[in-house]
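Reader: Here is a model I would like to go through with you. Tell me what each term rests on.

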Amino acid sequence: MTTSFDPDFCRKNFPALEREVDGLPAVYFDGPAGSQVPRSVIDAMGAYLGGCNANHGGHFLTSRESDAMLAEAHRAAADFMGSADADLVAFGANMTTLTFALSRALSKTWKPGDEVIVSRSAHDANFSPWVLAAADAGVTVNYVDIRAEDCTLDLDDLAAKLSSRTRLVAIACASNFSGTIHPVEEIIALAHAAGALVYVDAVHYAPHAPLEVERWGCDFLVCSAYKFFGPHVGLLWGRREWMEELPAYKVRPAENTSPDRWMTGTQNHEGIAGTLAAIDYLADLSRTDGEPADRRAALLRTWELIGEYERLLLRQLLAGLAGVKGLKVWGITDPERERERVPTVSFTIEGYTSAEVDLHLAARGIFAWSGNFYAQPLSEALGLEPDGALRVGLLHYNTSGEVDRLLAALDELVGG
Ligand SMILES: Cc1ncc(COP(=O)(O)O)c(C=O)c1O
């Protein structure tokens, strides 16, 4: 393989990658359900708890240090999401919890006769909160269809369903089932032309490519640090007018300014310290020693390196899977279209349930997932329920040798 990205160097940062199963190195293809974390993230969380664990807003030393860490984490998160404004990023428990909170606030502005649009390619966390909020507000839900042959969104269907009654379109940057990247900018332009807001789920996309909330013209974007090498923390970015003016559900003594009005209760400070460290880990991957380069610029360079490397692995994986007897990939397989997907590949194998394939791989130290991965709307639309599919998710710490091990294990299963 030729690439300027060095996976061996980067793997040394991840203690979990040293684990073995029955004498063989563990293979982590479970990244879409949660990535491993580098040493710097583990250290940052320990250092926070050991050195300046305190509630925020006090006058004493550790509280002031906590405040400084939180302010830096907001700046890092804004750099990560492509925003110039650190006050527009709220941290929370996870994407699902933030989405339930935001959907409750937003639905207070809806009235009967209004409509919302969700997509059949969604993770249920960007589907059910809107369906439930719509039911509470007496609002109609429309569903954007997918093209089953390649798991892309049917934009003609979206255009047909948009109208002056549409208040919100909920979409994902990328599917956590098929890996399909959806044309977010185009969808936002279509929705805005109809006067609708857009809620973007970037959870699955964030470990693979840059988020660009300002350039894309998002109204809201959510992601989760535990998918991009950090701890279990969710992030919500919103346009200033919505973050300041929507009716947030909050307790009275808490600040009513953004982002505090969205960060209910005492936050997971050690997790936020880890999130800051995860973003810096990514930026540092493309920094040379001592370089004080601006974090956003460094992150953009990192995404180029990671993207190029991940596409090499993806090519190898798809070419290998094409040779496995009875195997069908659900999503884009054409190498010419590799930039329309992230390296998350779900497949089924004739004659085997997904759980059987999963068990076979687990016994060989290969960690993957079977089922619908909460992308229930897509699994239903593809007619794959209740078995779902087997999902292999590649991240920048995976290697060509690991892909070979997977392919050999699949050949062994089907007798190739
Ligand atoms: C695409 C996508 N959206 C949303 C979620 C939910 O994220 P969280 O676990 O942070 O609530 C996930 C989790 O797997 C996901 O993959």
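**Terms and values**

Author: Pro-259 sits in the loop between helix H9 (240–245) and helix H10 (269–284). Helices (H or I, at least four residues) and strands (E, at least two) are DSSP runs, numbered from the N terminus. This is a predicted model: local features need pLDDT of at least 70, side-chain atom pairs count only at pLDDT 80 or more, and totals for chains, interfaces and linings use all residues. Residues are numbered from 1 along each chain as its sequence is written.

Reader: What makes the peptide bond from Ser-258 to Pro-259 cis?

Author: Its omega is near 5°. A cis peptide bond also joins Glu-385 and Pro-386, with omega about 5°. Pro-386 is in the loop between H13 and E17.

Reader: Why does the radius of gyration of the protein chain agree with a compact globule?

Author: The rule is 2.2 Å times the number of residues to the power 0.38, with the radius taken over C-alpha atoms. For 416 residues that gives a value near 22 Å; the protein chain has 21 Å, so the two agree. Along the principal axes, the C-alpha atoms fill a box of roughly 65 × 55 × 30 Å.

Reader: Where do the bounds of domain 1 and domain 2 lie?

Author: Domain 1 covers 7–37 + 297–414, and domain 2 covers 44–280. The bounds come from an automatic or database domain assignment. The domain centres, taken over C-alpha atoms, are 26 Å apart.

Reader: How many residues of domain 1 are in contact with domain 2?

Author: 32 residues of domain 1 are in contact with 34 residues of domain 2. Contact means that the C-beta atoms, placed from the backbone, lie within 7 Å. On the domain 1 side, helix H11 (295–321) gives the most, with six residues. Strand E14 (344–349) and helix H13 (376–381) also give two or more.

Reader: What is the make-up of that side of domain 1, nonpolar, polar and charged?

Author: It has 19 nonpolar, nine polar and four charged residues. Ala, Val, Leu, Ile, Met, Phe, Trp, Tyr, Cys and Pro count as nonpolar, Asp, Glu, Lys and Arg as charged, and the others, Gly among them, as polar.

Reader: Which residues come nearest to the ligand?

Author: Asn-94, Thr-96, His-123, Asn-176 and Ser-224 come nearest, of the 14 residues around the ligand. A residue is near a molecule or strand if its C-beta atom, placed from the backbone, lies within 6 Å of it. The shell divides into five nonpolar, eight polar and one charged.

Reader: How do you know that E14 and E17 pair?

Author: Strands pair if DSSP finds at least two bridges between them. Four bridges join E14 to strand E17 (residues 389–393), so the cut-off is met. These two strands run antiparallel. Ser-346 stands opposite Arg-391 in E17. The open sheet has the order E13-E14-E17-E16.

Reader: What makes E13 and E16 edge strands?

Author: Strand E13 (327–329) and strand E16 (369–371) each pair on one side only. H11 packs on this sheet, touching E13, E14 and E17, and its direction makes about 10° with that of E14. Angles run from 0 to 180 degrees between N-to-C directions; axes are lines fitted to C-alpha atoms, for helices over the stretch in contact.

Reader: Which strands make up the open sheet of seven?

Author: The order is E4-E12-E11-E10-E9-E5-E6, with mixed pairing. The twist averages 20° from one strand to the next. Helix H3 (residues 61–81) lies across E4, E11 and E12, at about 110° to E4.

Conventions
Contact = placed C-beta atoms within 7 Å.
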